[in-house]
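Please look over the sequence and the structure shown here before reading on. The report below then takes up a few of its residues in turn.

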Amino acid sequence: QAQLVESGGGLVQAGGSLRLSCAASGRTFSGFNMGWFRQAPGKEREFVASINQIGSVRKYADSVKGRFTISRDNARNTMYLQMNSLKREDTALYYCNTIRASDLRSPFGSWGQGTQVTVSS
């Protein structure tokens, strides 16, 4: 399984934008469905978005639909999450992970360190 490293988080005002990256090592990145998850303080980790191996199928949590866009570049072994119109409730630690073939909202594999996104009002 690929090693995953998240980056791109930061502090942004409400209404602003950020783009997260998930860099994968190894040669098998293109063989996996991939996804983003987030965990806010005191809450359970939740699904944000996922994308299939070739980028033809995307799924989003209702809370981010229309504001976030997931994409991937298999040549660069990297997945992205473009986050626009950010809200305070988007504040969380964001993680990427591989996604089960049977369920595009279900992660498997080890979790990385994540990247912190903080949205101020």
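## Contacts, core and disulfide

In this predicted model, methionine 83, once its neighbours within four places in sequence are left aside, is in contact with Gly16, Ser17, Leu18, Leu20, Arg67, Phe68, Tyr94 and Val117. The residue also appears in the largest nonpolar core, which has 32 residues, and where Trp36, Met79, Leu81, Met83 and Tyr94 touch the most other members. The elements that each contribute two or more residues to this core are β3 (18-24), β4 (33-39), β5 (46-51), β7 (68-73), β8 (78-83), β9 (92-99) and β11 (115-120).

The model has one disulfide, and this bond joins cysteine 22 to cysteine 96, with a distance of 2.1 Å from S to S. Because cysteine 22 lies in strand β3 and cysteine 96 in strand β9, the pair ties together parts that are 74 residues apart in sequence. The torsion about the S-S bond is about 70°, and the disulfide is therefore right-handed.

How buried or exposed are these two cysteines and asparagine 52? The table sets out the values for the three residues.

| Residue | Relative accessible area | State |
|---|---|---|
| Cysteine 22 | 0% | buried |
| Cysteine 96 | 0% | buried |
| Asparagine 52 | 13% | buried |

Asparagine 52 counts as buried because its 13% falls under the 20% cut-off. Asparagine 52 is placed in the loop between β5 and β6 (58-60), and, if residues up to four places away in sequence are not counted, asparagine 52 touches Asn33, Val57 and Arg72.

Conventions. Residues are numbered from 1 along each chain as its sequence is written. This is a predicted model: local features need pLDDT of at least 70, side-chain atom pairs count only at pLDDT 80 or more; totals for chains, interfaces and linings use all residues. Side-chain values use heavy atoms; hydrogens and water are left out. A nonpolar core is a set of buried Ala, Val, Leu, Ile, Met, Phe, Trp, Tyr and Cys residues joined through side-chain atoms within 4.5 Å. Buried means under 20% relative accessible area, exposed over 50%, partly exposed in between (1.4 Å probe, protein chains only). Helices (H or I, at least four residues) and strands (E, at least two) are DSSP runs, numbered from the N terminus. Contact means heavy atoms within 4.5 Å. A disulfide is a pair of cysteine sulfur atoms within 2.5 Å.
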